[in-house]
Amino acid sequence: MADPILELEGLTKVYSGGLKALDSVDLNIRKGEIFALLGPNGAGKTTLIGAVCGLVRPTSGTMRAFGHDLAKDWRKARRRIGLVPQELATDMFEPVEHAIAYSRGLFGLPPDKARLEEVLRSLSLWDKRKEQIRALSGGMKRRVLIAKALAHEPDLLFLDEPTAGVDVELRKDMWRQIDAMRARGVTIILTTHYIEEAEEMADRVGIINKGHLLMVDEKDAMMKRLGRTEAHITLAKPMSEIPAIIARFPVELEREGTALCYRGGDGTGKGKAEVAELTKTLTTAGIDYVAIDTHESSLEDIFVSLLGKQEAAV
Amino acid sequence: MSLNLRGTWSIFTRELMRFLRTAFQSVLAPVLTTSLYFIVFGAAIGGRMPALGGVDYAAFIIPGLVMLTLLGETTSNASFGIYMPRFTGTIYELLSAPVGVAETLIGFVGAAAAKSLILAAIILTTARLFVPYHIAHPFLAVVYIMLVAASFSLFGFILGVWADSFEKLGIIPVLFLTPLTFLGGTFYSIDMLPKPWSTVALFNPIVYLVSGLRWTFYGQADVHFGISLGITFVFLAVCVTVISIIFKTGWRLRD
Ligand SMILES: Nc1ncnc2c1ncn2[C@@H]1O[C@H](COP(=O)(O)OP(=O)(O)O)[C@@H](O)[C@H]1O
Ligand SMILES: [Mg+2]
């Protein structure tokens, strides 16, 4: 794998109450990618981020960032890591620009007016820079947290549920922000339970549930491997068996021969093309049909089916 | 390991800014309290008191008053400084930053100590309006005030990490610090106490602090200055040790 920027090996966290929030997680993150950690509430996403960022003490396992062992060279590694937490935690009485300048200094960088202005402007916070944080709306507060995380120009950024409880407009805005950060070469790890978000943004997706990292793959490869096209073709006249002319397609009869069901493809569009091919063949063969209903499986379906398998395995 | 000095500086200046945002109440409260003590103890009662060891009673109580405010304010400043981020969740940033125990302590404790010095200066200035007094060892007085301020900032830091509610945060100063300070010779000399009590008083660590500061002011005190200094250092060392353990184990800071 080219340039892993973060390497987790056997990362395990058992909370003091005995709950195993992470169970031997292995994960490599590549430089410059957007990685989406996808999983239901309580899956262990925040715990994983906390372990890397120093908020949670791992029970066992090793973590390396930028080649530094996070247990030993954490000062060097942390300078290059930014975190936007899930909860909106802000110092209410602090003016926005102070909060951001403070973050930069805390991470060891000298004050930089130009950079401060750039960060504030890019998040539409420039006009609010003198205001106390308590005077801002929830969406604006989240921007302040992002600005704080970006103040020290991190190479690796964690966004924990960046769009949870955020209105549609701000969510779109957030996606633009993430795109802009990617363009600057920042590696981004975000968690979400909105599948569309992972589908929209991520290069790779990891699916986590109950502390187990179930699958990590390129988003496209994951769709290809698990994605499916399903088409139901309602026939004008019922048939008793599949005609030889369409035997090469993955089809079967359903609803007592009144419909054909196609299940195939791989999430890359191959399925749709095959369905078109199939219908042309039917037309050529004079087999009439009255309705076609196609459905592409999404990451959501993949997710549900994976979690279903995990439940079954337990 | 190279320390992140910019990080330390950021913590220090931010804490001081927090203090300055509430500058009015931070200054007004000690001015008012000190004035009240002087009116009641200095003028009303002090007029009927004999001079203690050649020091006029109103002047005699000044070091005790400085200690009284210093211990209370320093402890509560430092404890709030670390409790509030824990309470609001903003501590995530500190925990994820490239700062360790040294940077954090120097930043927080340095700021709390600086605030305490400002307070001490305000109290001494206010006292000037009521009594003319002369400080015998001004340099040692400043050093000693800084030492006590640093120690109680550390103590406050521990308190702020330990407390898991506002009640607990407030109870220690009210339950221990204020009574011990009142009993610690703020308003009297230990040898004015009847026999068993003058010995019992020596088990109160604050007696040594008040006495130490009084020595730097007037060159005489209940106990030898060296002993006061020694006890202050022991307290400081204990606090530093406890805090190092807190950071090593992540107790109440990291899950
Ligand atoms: N501080 C904690 N102490 C004990 N259990 C915790 C703590 N934080 C999280 N957990 C538990 O660990 C599991 C994973 O939580 P979390 O990492 O927050 O999940 P996610 O972010 O995926 O929703 C949950 O069951 C949660 O209740
Ligand atoms: Mg979470």
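## B:Ile39 and its nonpolar patch

Let's start with B:Ile39, which sits in helix H2 of chain B. In this predicted model, B:Ile39 has a relative accessible area of 47%. Partly exposed covers the range between 20% and 50%, so that is the label B:Ile39 gets.

B:Ile39 has company out there. Together with B:Leu32, B:Leu36, B:Val40, B:Ile45, B:Leu129 and B:Phe130, B:Ile39 makes a nonpolar surface patch of about 680 Å². Two elements of chain B give two or more residues each to this patch: helix H2 (23–45) and helix H5. H2(B) provides the largest share, with five residues.

## A buried acid in helix H1

Now hop over to B:Glu15, a residue of helix H1 (residues 5–21) in chain B. Is B:Glu15 buried or exposed? Its relative accessibility is 5%, and anything under 20% is called buried, so B:Glu15 counts as buried.

Who are its neighbours? Leaving out residues up to four places away in sequence, B:Glu15 touches B:Gly81, B:Phe108, B:Ala111 and B:Lys115. The side chain of B:Glu15 also makes a polar contact of 2.7 Å with the side chain of B:Arg18.

## A salt bridge between chains

Side chains of opposite charge can pair when their charged atoms come close. Across all chains of this structure, a search turns up 25 salt bridges.

One of them joins A:Glu94 and B:Arg14, with 2.8 Å between the closest N and O atoms. This pair crosses from one chain to the other: A:Glu94 is in the loop between strand E6 (81–84) and helix H3 (96–106) of chain A, while B:Arg14 belongs to helix H1 of chain B. Both A:Glu94 and B:Arg14 are buried.

## Salt bridges within chain A

Chain A has salt bridges of its own. A:Glu97 pairs with A:Lys130, and their closest N and O atoms are 2.9 Å apart. A:Glu97 lies in helix H3 and A:Lys130 in the loop between helix H4 (113–122) and helix H5 (138–150) of chain A, so this pair ties together parts that are 33 residues apart in sequence. The partners sit in contrasting surroundings: A:Glu97 counts as buried at 17% relative accessibility, whereas A:Lys130 counts as exposed at 59%.

Another salt bridge links the side chains of A:Asp112 and A:Arg104, at 3.9 Å from N to O. A:Asp112 is partly exposed, with 30% relative accessibility, but A:Arg104 is buried at 9%. This pair is also part of a network of salt bridges that links A:Arg104, A:Asp112, A:Arg115, A:Glu118 and A:Glu153.

## Helix H10 of chain B

Last stop: helix H10 of chain B, which runs over residues 225–249 and has 25 residues. How far does H10(B) reach from its first C-alpha to its last? The span is 36 Å, close to the 36 Å expected at 1.5 Å a residue. Right after H10(B) comes B:Gly250, with a positive phi near 75°.

Which residues of H10(B) are buried? They are B:Phe225, B:Ser228, B:Thr232, B:Leu236, B:Cys239, B:Ile243, B:Ile246 and B:Phe247. These buried residues pack against three helices of chain B: H5 (101–130), H6 (138–162) and H9 (205–218). Helix H5 of chain B has turned up before, as one of the elements that give two or more residues to the nonpolar patch.

Key:
Residues numbered from 1 in each chain as written. Chains lettered and ligands numbered in written order. Predicted model: local features only at pLDDT ≥ 70, side-chain atom pairs only at ≥ 80, totals over all residues. Heavy atoms only, no water. Helix = DSSP H or I, 4+ residues; strand = E, 2+ residues; numbered from the N terminus. Expected span 1.5 Å × (residues − 1). Buried < 20%, exposed > 50% of the residue type's maximum accessible area, 1.4 Å probe, protein only. Contact = heavy atoms within 4.5 Å. Patch = residues over 30% accessible without salt bridge, like charges linked within 9 Å, V, L, I, M, F, W, Y side chains within 5 Å. Areas by Shrake-Rupley, 256 points an atom, 1.4 Å probe, with all protein chains shown as cover. Salt bridge = Lys/Arg side-chain N within 4 Å of Asp/Glu carboxyl O. Polar contact = N/O pair within 3.5 Å; in protein donor to acceptor, adjacent residues only side chain to side chain.
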